[in-house]
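Dear colleague,

I am passing on the structure below, and my notes on what was found in it follow directly after. Please read them with the coordinates open.

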Amino acid sequence: MEFNPNVLDLLKERGYVYQCTNLDALEARLKKGPITFYLGVDPTADSLHIGHFFALMVFRYLQEAGHRGILVIGGATAQVGDPSGKSDMRKMMTKEQVQHNVDEVKRLASKFIRTDGENPAIILDNNEWFRDYPYIDFMREVGVHFNVNVMLAADAYANRLKQGGLTFLEMGYMLMQAYDFIYLNRTYGCTLEIGGSDQWGNIIAGTELNRKMRHIDPDAKASDEDIFGLTNPLLLTKEGKKMGKTENGALWVASDRTTPYDFYQYFYNVADEDCENLLRLFTRVPLDEIDRLLREDIIAAKRLMAYEITKLVHGQEEADKVVEAVRGLFSANADAANAPSVTLAASRFADGIGIIDLLAETKLIASKSEARRMVQQGGILVNGEKVTDIARVVTSDDVRDGFVMLKKGKKNFLKVIAE
């Protein structure tokens with residue numbers, strides 16, 4: 001793999017760089033030759049969401065530039081819980097739940113980063129170095145370097161305090177994540193941590209801990225090089241809202257949690273002004289081509305953006321299927337076989353099911369109150385016919401060729417199969 005000394009310029013140009021502990025020094029070091037870097041992901045769920053693959057894109061760019069990548073799945077830190085961005089303590093998971101999530105996150109992450117062939121990533125679980133680290137030894141060797149007043153000033157802890165509660169368990173999270181960097185530096189010569197801007201406080205804690213431990217312990221200095229932290233911005237809409245939230249929750253990478261069709265539709269339906277940022281961040285389309293597309297045909301630009309992101313996450317075959325489904329649904333002779341589907345027992349229609357209950361149960365609409373509003377506004381169609389009465393009951397008479405076709409608004413279709 002050919003080394004690219006200008007990868008940081010590429011990352012800055014496409015909008016990935018937000019904060020850095022020392023940008024000039026990092027740029028100079030990246031030009032000298034390959035380094036080892038890492039990204040940490042806590043397995044708080046058995047899938048990844050859109051916020052994760054922002055940082056995974058940075059990981060892949062650095063890999064392709066010839067740098068050595070380590071992905072750390074936080075099997076240990078997930079048992080504590082990151083307080084960043086949370087008003088309440090995260091729900092504690094069992095060790096079995098954490099291990100299941102670790103395995104799933106490893107599997108999904110391999111979609112985005114190179115795990116075989118030339119310059120493959122190393123994937124580690126930080127439980128490997130925490131499970132046999134005695135608590136007293138950890139507190140004496142690591143905890144002694146943390147000032148509680150400084151920690152409480154960090155956004156992660158300050159915000160939790162404002163909400164009226166901060167546990168000692170959560171206070172330990174920053175120490176653990178900071179030590180990850182020390183362990184990786186000593187063991188693998190890792191000198192750069194990347195992550196989202198919400199992790200800035202934890203990343204800084206790691207670089208500071210490294211400086212302090214080097215000062216008092218010459219054996220801790222596995223490398224003479226400085227270590228760096230680099231963050232990407234949070235993925236926000238032009239209105240400043242966090243991107244990746246749907247009516248049914250987070251936009252997940254796992255297809256059994258967010259279907260490829262819904263994934264494509266989410267991005268196609270974003271505001272026009274958000275298209276440029278998404279094309280820059282989640283596609284490899286050259287910047288001059290992005291500028292041309294946005295000037296000449298915003299609809300074509302959005303289609304390309306939605307397709308490329310779906311292909312990135314779900315693969316070309318699934319992305320092509322979605323495009324064919326969309327073409328079929330919006331053609332004059334819509335092919336119902338291409339629509340996303342759910343299955344209900346045929347007896348439900350024999351007994352009759354209210355339109356509000358049907359919309360909520362099939363999750364075409366997230367809540368019954370929202371379903372009532374959509375019906376009253378004429379935004380719901382059953383088999384192509386507009387429904388305006390919230391008392392409408394869908395029966396076996398509505399089941400045609402084994403299914404009922406629902407439509408929400410102009411673009412959202414759902415085939416409800418009666419079995």
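The buried residues of helix 1 are covered by, among others, helix 2 (23–32), helix 3 (50–64), strand 6 (228–232), helix 12 (275–282) and helix 13 (287–296), and I should say at once that this is a predicted model. The residues in question, in a helix that runs over residues 7–14, are Val7, Leu8, Leu11 and Arg14. They lie on the same side of helix 1, because they cover an arc of only 135° around the axis. Just after the helix, Gly15 takes a positive phi of about 95°.

Turning to the interior, the largest nonpolar core has 74 residues, and those with the most contacts inside it are Phe53, Phe267 and Phe282. Helix 3 supplies the largest share of this core, 10 residues. Apart from this core lies another, of 30 residues, which includes Ile70, Ala76, Met151 and Tyr179. Beyond its neighbours within four places in sequence, Phe267 is in contact with Ile50, Leu251, Leu278, Met305, Ala306 and Ile309. Phe282 also belongs to a cluster in which ring pairs link it with Tyr16, Phe54 and Tyr61.

The aromatic pairs come to a count of 14. One of them, formed by Trp129 and Tyr183, is stacked, at 4.2 Å centre to centre and with 15° between the planes. Trp129 lies in helix 5 (residues 127–130) and Tyr183 in helix 9 (residues 168–188), so this pair ties together parts that are 54 residues apart in sequence. Trp129 is buried, with a relative accessible area of 7%, whereas Tyr183 is partly exposed, at 23%. Phe138 and Tyr179 form an edge-to-face pair, with 6.1 Å between the centres and 85° between the planes. Since Phe138 lies in helix 6 (residues 135–141) and Tyr179 in helix 9, that pair ties together parts that are 41 residues apart in sequence; both Phe138 and Tyr179 are buried.

Finally, Lys302, in helix 14 (residues 298–314), may merit a look in the viewer. Lys302 counts as buried because its relative accessible area of 7% is under the 20% cut-off. Its side chain makes a polar contact of 3.1 Å with that of Asp272, and its charged end sits over the ring of Tyr268, 5.7 Å from the ring centre. Leaving aside neighbours within four places in sequence, the residues in contact with Lys302 are Tyr268, Asn269, Val270, Ala271, Asp272 and Cys275. Elsewhere, Lys415 lies over the face of Phe403, at 5.4 Å from the ring centre.

With best regards

Terms used: Residues numbered from 1 in each chain as written. Predicted model: local features only at pLDDT ≥ 70, side-chain atom pairs only at ≥ 80, totals over all residues. Heavy atoms only, no water. Helix = DSSP H or I, 4+ residues; strand = E, 2+ residues; numbered from the N terminus. Buried < 20%, exposed > 50% of the residue type's maximum accessible area, 1.4 Å probe, protein only. Polar contact = N/O pair within 3.5 Å; in protein donor to acceptor, adjacent residues only side chain to side chain. Contact = heavy atoms within 4.5 Å. Arc of directions from axis to C-beta. Core = buried A, V, L, I, M, F, W, Y, C linked by side-chain atoms within 4.5 Å. Phe/Tyr/Trp six-rings, centres within 6.5 Å; stacked < 30°, edge-to-face > 60°. Lys NZ or Arg CZ within 6 Å of the ring centre and 35° of its normal.
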